[in-house]
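Here's a quick tour of a two-part topic: how the strands line up, and where the nonpolar residues gather. Have the structure open while you read.

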Amino acid sequence: MRIRAVVIRILRQFFHDKRTLAMMLVAPMLILYMMSLVFNGDTYAPKLGAVAVPAPLVQKLEQQGAEVTTYSAAQADEARQQLSDVKLDAVIRFDAGAPQVELEGSDPSKSKAVLFLLQKTLQSAAPTAAGIQPAISYLHGSEDMAAFDNFGPVLIGFFVFFFVFLLSGVSFLRERTGGTLERLLATPLRRWEIVVGYILGFGIFTLLQAALIAWFATGALGLMLVGSFWYVLLITILLALTALSLGTLISAFANNEFQMIQFIPLVIVPQIFFSGLFNMDTMSVYLRWLGVIMPLSYGADALRNVMIRGAGWERIWLDVVVLAGFSLVFMLLNVVALRKHRKI
Amino acid sequence: MTQTASIDIRNVSKQFGSKVVLHDITLQVEPAQIYGLLGPSGSGKTTLVRMIAGIDEPTSGTVHVLEQRMPQLAMLTKIGYMAQSDALYGELTALENLEFFAALFGLSGSRRKRRIEEVMSLVNLTDHLKKPAASYSGGMKRRLSLAISLLHEPSVLILDEPTVGIDPVLRKAIWAELMQLCARGTTILVTTHVMDEADKCHRLGMIRDGRLTATGTPEELKRATGSATIEEAFLYYGGVGQ
């Protein structure tokens with residue numbers, strides 16, 4: 001009988017908390033849906049640049065499912081530029097006798113797709129001349145590059161984002177539920193001072209966390225790092241600041257720690273899908289724009305550019321500016337959200 | 001009613017959505033008085049008190065503290081507010097809690113140190129300064145919370161049920177101190193359920209369902225209701241006797 005009473009009480013609690021109820025039902029479906037979008041996409045069509053490649057071979061490549069852009073021998077530089085801008089996965093040149101293949105190389109799965117397709121094409125084109133091996137080179141990375149090198153930078157960004165989001169969200173929430181926010185608001189402390197104080201206080205802690213994670217991944221785990229460690233640190237910290245300001249903002253919409261946790265599938269999980277951990281090229285085009293509103297996709301993009309492609313400021317500045325912009329907007333919204341508790 | 005009331009509330013109403021929490025409340029608290037606000041739970045005491053503390057604002061009507069229209073940020077340095085919840089950072093020690101709030105009120109250096117010592121000896125917690133607030137007992141937390149609200153020597157002190165969970169001996173000590181603060185010119189507004197505390201107030205206001213049902217000195221209220229004790233008067237105004 002006591003057990004029954006407990007069961008009924010729990011069911012009643014759920015019933016009173018409609019949002020938890022909805023979350024338990026809707027969230028798993030939402031995530032399953034997203035995963036279906038990611039994993040049921042079309043098979044990846046490698047994007048090839050063909051420099052002075054004979055037309056029949058181009059046709060064969062296309063038959064195998066490649067997206068081929070043709071260039072004349074004179075346009076070779078243009079093709080290379082497209083490669084370094086990650087518009088192409090590989091450039092094939094036939095101008096000097098033996099075929100030369102240069103791979104973009106930062107994503108091992110794409111490199112494999114290109115090589116597999118080439119192999120199939122060459123075999124079907126000249127089954128007797130199986131001995132012809134194209135010379136393969138890599139713009140970034142190498143054959144030895146592990147899949148982890150590719151998604152490692154994204155994971156750094158993700159973990160920093162996730163933990164800072166949760167920690168700052170819950171602690172700001174505690175401020176509210178514990179009554180200390182009320183007490184703060186009975187002091188001459190201004191609303192923006194509370195927000196900035198939080199950002200700075202956690203910012204210092206976050207600085208430490210970001211530095212530790214970045215060092216651990218590159219130094220201890222041996223994650224590929226071609227570019228500057230300081231850029232990695234800068235991007236990681238900006239990501240953390242964005243997570244921090246978003247976490248405190250979101251906590252205004254939660255009434256307890258449990259409800260804060262519920263924001264993970266809404267705010268964090270979708271970002272994983274759009275962060276570049278999964279190949280976005282196989283995702284339906286109309287869904288890709290969602291990545292534009294997700295801070296993690298900028299952070300992950302910049303981290304990858306620095307760590308794998310050795311990019312400098314000219315390539316990451318836009319991501320950096322966008323992340324800083326996100327933090328600023330979230331902070332301002334935070335100040336506004338505090339109006340709910342004190343008007344002045 | 002004089003113009004110089006420390007707390008001057010005129011025709012204050014408060015609505016949350018369509019729910020009216022306070023109806024047309026008018027009351028004045030004279031300087032250096034202890035004013036007791038009595039009423040059952042949910043009568044609107046806390047809502048009224050939060051408006052005086054400058055955290056909330058009335059839907060209609062005005063609240064003046066020390067002749068300044070509230071809410072006003074600059075006035076918050078002159079008001080001490082202790083809410084019903086203890087509002088302490090459990091992870092921090094008592095001293096760290098005190099230092100934090102002292103800093104928010106702009107106390108620094110030797111003045112901060114002196115005030116922390118003064119308020120902690122007042123609430124009899126000097127020996128427990130270095131302990132984390134989370135390890136305090138319920139009564140100790142309440143005392144620490146009171147100590148924090150006294151840090152900046154406010155001219156107007158607002159205490160929302162200050163003596164809940166405090167034993168009679170300490171309660172007496174706290175009231176003795178409130179009397180002393182009052183004698184030195186501090187205006188004190190206190191909400192309470194404890195009837196012998198109500199007797200110690202200079203004036204009382206009875207709140208029920210968001211309406212001020214009676215005001216006066218404890219003697220006046222007892223006489224008006226023909227009661228021997230404040231408790232009877234409270235029950236009378238609280239609706240039980242009607």
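## Strands first

In chain A, strand β4(A) pairs with strand β5 (residues 135–138) in the parallel sense, over 4 bridges. Look across that pairing and you'll find Glu102(A) opposite Ser137(A) in β5(A). Bear in mind that this is a predicted model.

β4 (residues 100–103) of chain A has another partner to look at: strand β3 (residues 90–93) of chain A, this time in the antiparallel sense, again with 4 bridges. Here Arg93(A) sits opposite Gln100(A) in β4(A).

Side by side, the pairings read like this:

| Strands | Sense | Bridges | Facing residues |
|---|---|---|---|
| β3(A) and β4(A) | antiparallel | 4 bridges | Arg93(A) and Gln100(A) |
| β4(A) and β5(A) | parallel | 4 bridges | Glu102(A) and Ser137(A) |

Now for the cores. The largest nonpolar core takes in 131 residues, and Ile52(B), Ile158(B) and Leu189(B) have the most contacts inside it. Its largest share, 12 residues, is supplied by helix α9 (residues 229–251) of chain A. There's also another core lying apart from that one, with 19 residues, including Val51(A), Ala79(A), Leu83(A) and Leu103(A).

What is Ile158(B) in contact with, leaving aside its neighbours within four places in sequence? The list runs to Val49(B), Ile52(B), Ala53(B), Ile79(B), Gly80(B), Tyr81(B) and Leu189(B).

Last, the place where the chains meet. Chain A brings 14 residues into contact with 17 residues of chain B. On the chain A side, that's a mix of 5 nonpolar, 4 polar and 5 charged residues.

Methods
Residues are numbered from 1 along each chain as its sequence is written. Chains are lettered from A and ligands numbered from 1 in the order in which they are written. This is a predicted model: local features need pLDDT of at least 70, side-chain atom pairs count only at pLDDT 80 or more; totals for chains, interfaces and linings use all residues. A nonpolar core is a set of buried Ala, Val, Leu, Ile, Met, Phe, Trp, Tyr and Cys residues joined through C-beta atoms within 7 Å. A residue is buried if 20 or more other C-beta atoms lie within 10 Å of its own, exposed if 12 or fewer, and partly exposed in between; C-beta atoms are placed from the backbone. Helices (H or I, at least four residues) and strands (E, at least two) are DSSP runs, numbered from the N terminus. Two residues are in contact if their C-beta atoms, placed from the backbone, lie within 7 Å. Ala, Val, Leu, Ile, Met, Phe, Trp, Tyr, Cys and Pro count as nonpolar, Asp, Glu, Lys and Arg as charged, and the others, Gly among them, as polar. Two strands pair if DSSP finds at least two bridges between them.
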